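Open your viewer, get the selection box ready and follow along. We'll go one stop at a time.

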Amino acid sequence: MRLVLLGPPGAGKGTQASALAARFGVPHVSTGDILRENVSGGTELGREAQAFMDRGDLVPDDLVNRMVADRLAHADAAAGFLLDGYPRTVPQALVLEELLAGREEPLDGVLRFVVDLSELLQRLSARREIEGRADDSEEAVRRRFEEYRAKTRPLEDFYAERGLVREVDAVGAVEEVTERAIAAVDGHHGADLQGRATGRGRSDVT
Ligand code: AP5
């Protein structure tokens, strides 16, 4: 199972990726987590990435692409993976496509988590109070949404053109959302985005 999880900040990609990875028996590969581990470990990669992350900017593509290529070369990713937070730009998606073409392992699907903006902001402000993640400050959150709109949102069309996108209503109890995501992967429910407007979601972060 090779899946990409797509959605704006706070959509629940990380939360759902953990549950889905356990369910499908594949590793959860989160570029945000790998970058944060490098920042807290004081590695060179972490030092390069930290200022971008703290501001809410995306880290440069070449750095993230190398990091993901290294991670997907690990033995545990041979049978599949869940990519959480990558790709995040069209150039990253093209690099991933080429990497997977070289392995003859195309993506099985892209789950797009749909949550309205007020719910996203509520989740991130709740986490700001509890965890104090550096990029959950109001200013960094604003910047993360700007980056999402400008650079990540075009991936919705990129993957829809390839027939890969499955939309998941990501509001509700975590377990319910997990069940919807599994159903979308299985192809039973989950609206296919191609050419179909669901009336919800395209305006979530505009
Ligand atoms: P990253 O860590 O990927 O941040 P993000 O995409 O902004 O995502 P979040 O972690 O905020 O949200 P999420 O969708 O994972 O939701 P979560 O499950 O956490 O990236 C951080 C930074 O790293 C980027 O800004 C960038 O600088 C850099 N970076 C990473 N990848 C990069 C890339 N590919 N290219 C360049 N730079 C990159 O949930 C959010 C909150 O909501 C949690 O508190 C959770 O408990 C809660 N929650 C989850 N589900 C529910 C629910 N159903 N109901 C209520 N609350 C819920």
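**Stop 1: helices 7 and 8**

Select helix 7 (residues 138-152) and helix 8, which pack at an angle of about 35° with their axes 6 Å apart. From helix 7, Tyr148, Arg149, Ala150, Lys151 and Thr152 make the contact, and from helix 8 the partners are Pro154, Leu155 and Glu156. Sorted by class, the residues of this contact are four nonpolar, one polar and three charged.

Some ground rules before moving on. This is a predicted model, where local features need pLDDT of at least 70 and side-chain atom pairs count only at pLDDT 80 or more, while totals for chains, interfaces and linings use all residues. Numbering starts from 1 along each chain as its sequence is written, and side-chain values use heavy atoms, with hydrogens and water left out.

A few terms, too. Helices (H or I, at least four residues) and strands (E, at least two) are DSSP runs, numbered from the N terminus. Axes are lines fitted to C-alpha atoms, for helices over the stretch in contact, and angles run from 0 to 180 degrees between N-to-C directions. Contact means heavy atoms within 4.5 Å. Ala, Val, Leu, Ile, Met, Phe, Trp, Tyr, Cys and Pro count as nonpolar, Asp, Glu, Lys and Arg as charged, and the others, Gly among them, as polar.

**Stop 2: helix 8 again, now with helix 5**

Keep helix 8 (residues 154-161) and add helix 5 (residues 90-102): their axes come within 9 Å and cross at roughly 35°. Show side chains for Val90, Ala93, Leu94, Leu96 and Glu97 in helix 5, which meet Pro154, Leu155, Phe158 and Tyr159 in helix 8. By class, this contact has eight nonpolar residues, no polar ones and one charged.

Just past helix 8, pick Arg162, in the loop that leads to strand 5 (165-169). Is Arg162 buried, exposed or partly exposed? Its relative accessibility is 34%, so Arg162 counts as partly exposed (buried means under 20% relative accessible area, exposed over 50%, partly exposed in between, with a 1.4 Å probe and protein chains only). Now add Gly109: its C-alpha is 9.5 Å from that of Arg162, although the two are 53 residues apart along the chain.

**Stop 3: either side of helix 5**

Go to Pro87, in the loop between strand 3 (81-84) and helix 5. The peptide bond from Tyr86 to Pro87 is cis, with omega near -5°. On the other side, find Glu104 in the loop between helix 5 and strand 4 (109-114). Phi of Glu104 is near 55°, a positive value in a residue other than glycine. Most residues other than glycine have a negative phi, and most peptide bonds are trans. Glu104 is exposed, because its relative accessible area is 72%.

**Stop 4: the ligand**

Which residues are closest to the ligand? Select Thr15, Thr31, Asp57, Arg127 and Arg144, the closest of the 30 residues that surround the ligand (a residue counts as near when one of its heavy atoms lies within 4 Å).

Then draw three distances to ligand oxygen atoms:

- Ala11: a backbone N or O atom, 3.2 Å.
- Lys13: a polar side-chain atom, 2.8 Å.
- Gly14: a backbone N or O atom, 2.9 Å.

The protein buries 87% of the 1,000 Å² that the ligand exposes when taken alone (accessible areas come from the Shrake-Rupley method with a 1.4 Å probe; for residues, only the protein chains shown count as cover).

**Stop 5: a few single residues**

Pick Glu167 in strand 5. Glu167 is buried, because its relative accessible area is 12%. The Glu167 side chain makes a polar contact with the side chain of Arg112 (3.2 Å). A polar contact is a pair of N or O atoms within 3.5 Å; within protein, one must be able to donate a hydrogen and the other to accept it, and residues adjacent in sequence count only if both atoms are side-chain atoms.

Next comes Asp61 in helix 4 (residues 61-72). With 24% relative accessibility, Asp61 counts as partly exposed. Leaving out residues up to four places away in sequence, Asp61 touches Thr89, Pro91 and Gln92.

Finish on Val141 in helix 7. Val141 counts as buried, at 4% relative accessibility. Beyond its neighbours within four places in sequence, Val141 is in contact with Leu121, Leu124, Arg128, Asp135 and Asp136.
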